[in-house]
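Student: I should like a close look at a single part of this structure, namely its pockets and their surroundings. Please give one connected account.

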Amino acid sequence: MKTASMPSLRVDPELRQDAESVLREGETLSSFMEQALRANIHSRRLQNEFVARGLFSRDEARRTGEYFSAEDVLRDMEGMLLQAEAKARK
């Protein structure tokens, strides 16, 4: 696969020093920047999907008239967490 380049990034010297100070052994500034870019893309996609699910749920609730109280949702989530913790201990 052919590679492409990203636009060069002009930053404050302090930011560059901060980035270089956290590089791991054998890691280059370029590989660090690529990994950060990939992580941010992944995070933004997850955020977009989260918002889309929320908007869908809102529209579905308006359509059906079925709503849930925050207390009910938190109680259900607490139960799910307790089950997951119990399963992880086994």
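Tutor: What follows is an account of the pockets, then of the salt bridges and the surface around them. The model is a predicted one, and the values below are computed from it.

The largest pocket holds about 780 Å³ of space. Its lining consists of 24 residues, and those nearest the centre are Met 6, Ser 30, Met 33, Glu 34 and Leu 37. Two elements each give two or more residues to this lining, namely helix H1 (13-21) and helix H2 (29-64). Of the elements, H2 gives the most, with nine residues. Sorted by class, the lining of the largest pocket comprises 15 nonpolar, three polar and six charged residues.

One of the residues nearest the centre of the largest pocket, Glu 34, also takes part in a salt bridge. Its partner is Arg 38, and the closest N and O atoms of the two are 2.8 Å apart. Because Arg 38 and Glu 34 are four residues apart in helix H2, about one helical turn separates them. Glu 34 has a relative accessible area of 40% and is therefore partly exposed. Arg 38, by contrast, is classed as exposed because its relative accessible area is 56%, and the cut-off for exposed is over 50%. In general, side chains of opposite charge can pair when their charged atoms come close.

Helix H1, which also contributes to the lining of the largest pocket, carries a salt bridge of its own. There the side chains of Glu 20 and Arg 16 meet, with an N to O distance of 2.9 Å. Both residues lie in helix H1, four residues apart, which is about one turn of the helix. Glu 20 has 36% relative accessibility, so it counts as partly exposed. Arg 16 is likewise partly exposed, with a relative accessible area of 46%. Helix H1 is also the place of Leu 15. Leu 15 counts as partly exposed because its relative accessibility is 48%, and exposed would require over 50%. From Leu 15 to Phe 32 there are 17 residues in sequence, and the C-alpha to C-alpha distance is 13 Å.

Ahead of this helix, Ser 5 is found in the segment before H1. Ser 5 has 70% relative accessibility and so counts as exposed. The C-alpha atoms of Ser 5 and Ala 86 are separated by 48 Å, the two residues being 81 apart along the chain.

The second largest pocket has a volume of about 160 Å³. Its lining is made up of Ser 57, Arg 58, Ala 61, Arg 62, Glu 66, Tyr 67 and Phe 68. By class, three of these residues are nonpolar, one is polar and three are charged.

Helix H2 also holds a salt bridge between Glu 60 and Arg 63, whose closest N and O atoms are 2.5 Å apart. Glu 60 and Arg 63 are three residues apart in helix H2, so about one helical turn lies between them. With a relative accessible area of 28%, Glu 60 is partly exposed, whereas Arg 63 is exposed, at 61%. The pairs described here, Glu 20 with Arg 16, Arg 38 with Glu 34 and Glu 60 with Arg 63, are among the five salt bridges that the structure holds.

The account of the second largest pocket leads on to the surface, through a residue of its lining. Phe 68 belongs to that lining and also to a nonpolar surface patch, which it forms with Val 73, Leu 74, Met 77 and Met 80. Together these residues have about 550 Å² of accessible area. Leu 74 lies in helix H3 (residues 70-89), and helix H3 is the place of Met 80 as well. Leu 74 counts as exposed because its relative accessibility is 56%. For Met 80 the relative accessibility is 56%, and this residue therefore counts as exposed. Met 80 can also be placed relative to Ser 57, a lining residue of the second largest pocket. The C-alpha atoms of Met 80 and Ser 57 are separated by 20 Å, with their positions 23 residues apart along the chain.

How values were computed
Residues are numbered from 1 along each chain as its sequence is written. This is a predicted model: local features need pLDDT of at least 70, side-chain atom pairs count only at pLDDT 80 or more; totals for chains, interfaces and linings use all residues. Side-chain values use heavy atoms; hydrogens and water are left out. Patches are made of residues with over 30% relative accessible area and no salt bridge: like charges are joined within 9 Å, nonpolar side chains (Val, Leu, Ile, Met, Phe, Trp, Tyr) within 5 Å. Accessible areas come from the Shrake-Rupley method with a 1.4 Å probe; for residues, only the protein chains shown count as cover. A salt bridge is a side-chain nitrogen of Lys or Arg within 4 Å of a carboxyl oxygen of Asp or Glu. Buried means under 20% relative accessible area, exposed over 50%, partly exposed in between (1.4 Å probe, protein chains only). On a 1 Å grid over the protein atoms alone, a cavity is a set of points where a 1.4 Å probe fits but cannot get out, and a pocket is an open set with protein on both sides within 12 Å along at least five of seven lines; lining residues have an atom within 4 Å of a point. Grid points are joined across faces, edges and corners, and a volume is the space filled by probe spheres set on the points. Ala, Val, Leu, Ile, Met, Phe, Trp, Tyr, Cys and Pro count as nonpolar, Asp, Glu, Lys and Arg as charged, and the others, Gly among them, as polar.
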